[in-house]
Structures are given as structure tokens and as C-alpha cells.
Amino acid sequence: METTKTDSVERLAKTVDEAKAEALKILGVSENEAIITVLDEGAKGILGLGSRPAKVRAELKPDPIESVKIFLREVTLAMGLNVTVETNQKDKHLYVNLTGENMGILIGKRGQTLDALQYITNLAVGRHGDLQMSVVIDTENYRRRRRDSLEGLARTVSRKVRDKRQNVKLEPMTRFERHVIHTVLQNDKNVKTFSEGNEPYRHVVIAPK
């Protein structure tokens, strides 16, 4: 008995390994390219009585990048948005750009909704371990605009700290935003930076050296 689909097949054999090998042969893939589920380990029986074959199901693993696209379409549709998902793979990052109407809803206050979407997307695709890179999500070039704004803020505040020789505590920021501040000022000879507080109120302090 067997059930065959274009991306899934079930096989019976004397042993689990034999059933697995037959199922993979039918799909035409290696074990790393499939999800194997043992439905029945089988039984040898006694004197030929009560024996039954092993049964396994082999399914093609979905393309990890396509899985990201599908996940984001489903989430944004649930938010009432119809978006186009574009991806660009570079080094250990998968950059995703979302386009459509009312993208401000996806950005949220200071990018909090966008960060949350990025976080749950990484969790969702990371469960299977198929996507060996982090997902970075953007829309309307928000992250570049936000980075430019933060870099300008860091330089302006650093000059004040240098002149007044007093610490300045910035508003609470996300990890991405704090990283931008630290990076911009890491080679500044006049100031130093460090983070204080607990999420979501963790903030950067710029202090004189």
C-alpha cells in the first residue's frame, strides 16, 4: 500500500531503513533534502505470526527562501495588507523588501512593528534549521533612513558631551538602533558609549572619556 504525491510519498518495507531508501528513491532526493516521518517501525512477529512491515513518509523540504515569502504573505494578509515580497541573499543575510500600500502600518512607531515582524520571521524559519542566515526585513527604505537619522543624532550628541563633559542618556532604542549608535562612535577619541536598562527600555549613554 502506498500513497504518492508530487512532493510526498509513503512506503512499506521490511525495515525502516529499506522503506526510507525506497521513498527517497521515488522522490529522487537525498535524505538531507527530505523530511522523514516514521509512521510504523514494524514488527518481526514470532514464527512468522504477527509481523508487519515498517512504514515511512518522505516529504520534500520546502525551499527556505520561498518559505520566508509564504510566511510573510500570510502574516501581512492577516494584517489586512497586500504586499509584494522581494528577496536578496547576501553573505549570511537574506534581505527582504516589502512593497505595497499603507506600509506605515508595517513600520509602526520607531520601527517596532517592523522589528517584531522580523523577529517572528526569523523564529518561524529557524525552527526547521533550513535557512542558514538571518532575515532582515525592510519597507520604504525605512532602515536606511532610520540609520542615517541615528548616525546624525550620535554625532550631534557626542559634540555636546565633548563640550560639556557630561553624560547624555538617549531615549530607549531597539538593539539595531543601539548598535548603530555604538558603531558610529566606537572610534571617537572624545566619547564612549554603553547601554543601560532592561528591554524594552534599554538605552545608550554617551559619556566623555
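A residue is taken as buried when its relative accessible area is under 20%, and in this predicted model Thr76, with a relative accessibility of 0%, therefore counts as buried. Thr76 has its place in helix α2, and, when its neighbours within four places in sequence are left aside, it is in contact with Leu81, Val83 and Leu106. Although Thr76 and Leu98 are 22 residues apart along the chain, their C-alpha atoms are separated by 9.8 Å.

Helix α2, which spans residues 64-78, also contributes to the largest nonpolar core of the model. This core comprises 20 residues, of which Val68, Leu72, Val96, Leu98, Leu106, Leu117 and Ile137 touch the most other members. At least two residues of the core are supplied by each of α2, β5, α3 (104-107), α4 and β6 (134-139), and the greatest share, four residues, is given by α2. In soluble globular proteins, nonpolar side chains tend to be buried together. The surroundings of Val96 can be described in detail: apart from neighbours within four places in sequence, Val96 is in contact with Val68 and Leu72, with Val85, Glu86 and Thr87, and with Val135, Val136, Ile137 and Asp138.

Two antiparallel strand pairs were examined further. Strand β4 (residues 84-90) is joined to strand β5 (residues 93-99) by seven bridges, the two strands running antiparallel, and within this pair Glu86 stands opposite Asn97 of β5. The hairpin formed by β4 and β5 has two residues between the strands, and in this hairpin Asp91 adopts a positive phi near 55°. The second pair consists of strand β8 (residues 191-196) and strand β9 (residues 203-208), which are linked in the antiparallel sense over six bridges, with Lys192 standing opposite Ala207 in β9. In the hairpin of β8 and β9, six residues lie between the strands, and Gly197 takes a positive phi near 90°.

A nonpolar patch was also found on the surface, where it is formed by Tyr119, Ile120 and Leu123, which together have about 300 Å² of accessible area. Leu123 lies in helix α4, which covers residues 112-126, and α4 is also among the elements that each supply at least two residues to the core described above. The relative accessible area of Leu123 is 46%, and because values between 20% and 50% are classed as partly exposed, Leu123 is assigned to that class. Thr76 in helix α2, by contrast, is buried at 0% relative accessibility.

Terms used. Residues are numbered from 1 along each chain as its sequence is written. This is a predicted model: local features need pLDDT of at least 70, side-chain atom pairs count only at pLDDT 80 or more; totals for chains, interfaces and linings use all residues. Side-chain values use heavy atoms; hydrogens and water are left out. Patches are made of residues with over 30% relative accessible area and no salt bridge: like charges are joined within 9 Å, nonpolar side chains (Val, Leu, Ile, Met, Phe, Trp, Tyr) within 5 Å. Accessible areas come from the Shrake-Rupley method with a 1.4 Å probe; for residues, only the protein chains shown count as cover. A salt bridge is a side-chain nitrogen of Lys or Arg within 4 Å of a carboxyl oxygen of Asp or Glu. Buried means under 20% relative accessible area, exposed over 50%, partly exposed in between (1.4 Å probe, protein chains only). Two strands pair if DSSP finds at least two bridges between them. A nonpolar core is a set of buried Ala, Val, Leu, Ile, Met, Phe, Trp, Tyr and Cys residues joined through side-chain atoms within 4.5 Å. Contact means heavy atoms within 4.5 Å.
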